[in-house]
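Biologist: I have a new model open and would like to know what stands behind the labels people put on it. Could you take me through the reasoning?

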Amino acid sequence: MQNETKPRDMIQFFYSQEGWNLQKPQLILSVTGGAQKFTIPHRMKKAFKHGLIKAAASTGAWIITGGTNTGVMRLVGEAVADEFHVCNLTVLGIATWGKIAFRDQMQVRSLSITSSFLGF
């Protein structure tokens, strides 16, 4: 089975009633970094998390990361987990297919999509 999704089909899935029914973003915040453990002072960590969520929520932005549970991507996940009950955010984790646990359960045939990551 092929594990590649055409960008056109994924965009259609994002916005369709049959898919995720997302609103188009006003801004996209792409947060990238090394996928390795790192430490930062508590105050910096708290400021980053608060600032990221405030920026995304106040602008209608989507947050996009590499979708793994390490490094700065983990920090993004923690920020979203801390605030998901307060504001409506769209967060996409685009991980390497081989790194996704239970990936065989995520294969979708509708809209010609053969694989999609449903969140972190």
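**Reasons behind the labels**

Modeller: Happily! This is a predicted model, and the mean pLDDT of the protein chain is 81, with 84% of its residues at 70 or more.

Biologist: Which residues have pLDDT under 50?

Modeller: Residues 110-120 stay under 50 throughout, and the model has 39 contacts beyond four places in sequence for them. Where pLDDT is low, the predicted coordinates should not be read in detail.

Biologist: What makes Asp-9 and Arg-8 a salt bridge?

Modeller: The cut-off is a Lys or Arg side-chain nitrogen within 4 Å of an Asp or Glu carboxyl oxygen. Asp-9 and Arg-8 meet at 4.0 Å, N to O, and so they are listed as a salt bridge. A search of the whole structure finds five salt bridges.

Biologist: Why is Asp-9 called buried?

Modeller: Buried means under 20% relative accessible area. Asp-9 has 7%, so the label buried applies. Its partner Arg-8 has 58%, and because exposed means over 50%, Arg-8 is exposed.

Biologist: How do you know that Glu-78 forms a salt bridge with Lys-45?

Modeller: The closest N and O atoms of Glu-78 and Lys-45 are 3.6 Å apart, which is within 4 Å, so the pair qualifies. This pair links distant parts of the chain: Glu-78 lies in helix H3 (residues 71-83) and Lys-45 in helix H2 (residues 42-59), 33 residues apart. Glu-78 has a relative accessible area of 23% and is therefore partly exposed; Lys-45, with 28%, is partly exposed too.

Biologist: And what links Lys-49 with Asp-82?

Modeller: A salt bridge, with the closest N and O atoms 3.1 Å apart. Here, Lys-49 is in helix H2 and Asp-82 in helix H3, 33 residues apart. Lys-49 counts as buried because 16% is under 20%, whereas Asp-82 is partly exposed with 42%. Salt bridges that share partners join Lys-45, Lys-49, Arg-74, Glu-78 and Asp-82 into one network.

Biologist: Let's turn to the sheet. What makes S1 and S2 a pair?

Modeller: Two strands pair if there are at least two bridges between them. Three bridges join S1 to strand S2 (residues 62-65), so they count as paired, and they run parallel. Within the pair, Ser-30 stands opposite Ile-64 in S2.

Biologist: Why are strand S1 (28-30) and strand S3 (90-93) called edge strands?

Modeller: The three strands form an open sheet in the order S1-S2-S3, with parallel pairing. S1 and S3 each pair on one side only, and they are the edge strands. Neighbouring strands of this sheet are turned by 20° against each other on average, direction ignored.

Conventions
Residues are numbered from 1 along each chain as its sequence is written. This is a predicted model: local features need pLDDT of at least 70, side-chain atom pairs count only at pLDDT 80 or more; totals for chains, interfaces and linings use all residues. Side-chain values use heavy atoms; hydrogens and water are left out. Buried means under 20% relative accessible area, exposed over 50%, partly exposed in between (1.4 Å probe, protein chains only). Helices (H or I, at least four residues) and strands (E, at least two) are DSSP runs, numbered from the N terminus. pLDDT is the predictor's confidence in each residue, from 0 to 100. Contact means heavy atoms within 4.5 Å. Axes are lines fitted to C-alpha atoms, for helices over the stretch in contact, and angles run from 0 to 180 degrees between N-to-C directions.
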